[in-house]
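Trainee: Please take one part of this model and examine it closely, following its surroundings as far as they lead.

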Amino acid sequence: GDGFMLTFPSARRGIGFSIALQRALRLYNARHPELMLRVRVGVHTGDAIHDKGDIFGKHVILAARIASIAEGAQILVSSLAYELASSSGGVPFGAERKVELKGLVGSHLVREVHWWEEPVDADPTRA
């Protein structure tokens, strides 16, 4: 039930980190089947309010809501994060789908990142 909110300088770096995380957890789970970890990831991009070591704002809420509908070992990205990250290629995305997000009006578009597929440049240090 624990959650973490991380920020990155670009949508692509956030997605790259998420892919590296899921791949590392897949290796961990193979070695420790008795202590399997499954992480849900939601990625969005936009301005955030930074205050006393915490982050706030509409875009932060959207990222958290996207993560809340993901399943364990799944990465879901907003349509905005998809648009920014897909332009340079290398990340395999699933089909777009409409979702309802708790506390937010209307439907929102998300895509799953197929992090298990190759090739993917999952180096979070690249732009």
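Mentor: Within α1, the buried residues are A11, R12, G14, I15, G16, S18, I19, Q22, R23, L25 and N29. Here, buried means under 20% relative accessible area, exposed means over 50%, and partly exposed lies in between, with a 1.4 Å probe and protein chains only. Helices (H or I, at least four residues) and strands (E, at least two) are DSSP runs, numbered from the N terminus. The model is predicted, so local features need pLDDT of at least 70 and side-chain atom pairs count only at pLDDT 80 or more, while totals for chains, interfaces and linings use all residues. Residues are numbered from 1 along each chain as its sequence is written, and side-chain values use heavy atoms, with hydrogens and water left out.

The helix itself has 21 residues and reaches 31 Å from its first C-alpha to its last, close to the 30 Å expected at 1.5 Å a residue; the expected span is 1.5 Å times one less than the number of residues. Its buried residues are covered by elements including β1 (40-43), β4 (74-78) and α3 (79-86).

Towards the other end of the list of buried residues stands N29, in helix α1. N29 counts as buried because its relative accessibility is 11%. Beyond its neighbours within four places in sequence, N29 is in contact (heavy atoms within 4.5 Å) with L35, M36 and L37.

The helix also takes part in the largest nonpolar core, which has 14 residues; I15, I19, V43, I75, V77, F93 and V113 have the most contacts inside it. At least two residues of this core come from each of α1, β1, β4 and α3. A nonpolar core is a set of buried Ala, Val, Leu, Ile, Met, Phe, Trp, Tyr and Cys residues joined through side-chain atoms within 4.5 Å. In soluble globular proteins, nonpolar side chains tend to be buried together.

V77 merits attention next. V77 lies in strand β4 and is buried because its relative accessible area is 0%. Not counting residues up to four places away in sequence, V77 touches I15, V43, I66, Y82, F93, L109, V110, R111 and V113. Between V77 and A11, the C-alpha separation is 9.3 Å, although their positions lie 66 residues apart in sequence terms.

V91 also meets the helix, from the loop between α3 and β5 (97-100). V91 counts as buried because its relative accessibility is 13%. With neighbours within four places in sequence left aside, V91 is in contact with R12, I15, I19 and V113. The C-alpha atoms of V91 and W115, which are 24 residues apart along the chain, are separated by 7.7 Å.

A further contact involves T45, in the loop between β1 and β2 (49-51). T45 counts as buried because its relative accessibility is 19%. Residues up to four places away aside, T45 touches A11, H59, S78, L80, A81 and L84.

Finally, the segment before α1 (11-31) holds F8, which counts as partly exposed because its relative accessibility is 33%. Together, F4, L6 and F8 make a nonpolar surface patch of about 360 Å². Patches consist of residues with over 30% relative accessible area and no salt bridge, like charges being joined within 9 Å and nonpolar side chains (Val, Leu, Ile, Met, Phe, Trp, Tyr) within 5 Å. A salt bridge is a side-chain nitrogen of Lys or Arg within 4 Å of a carboxyl oxygen of Asp or Glu. Accessible areas come from the Shrake-Rupley method with a 1.4 Å probe, and for residues only the protein chains shown count as cover.
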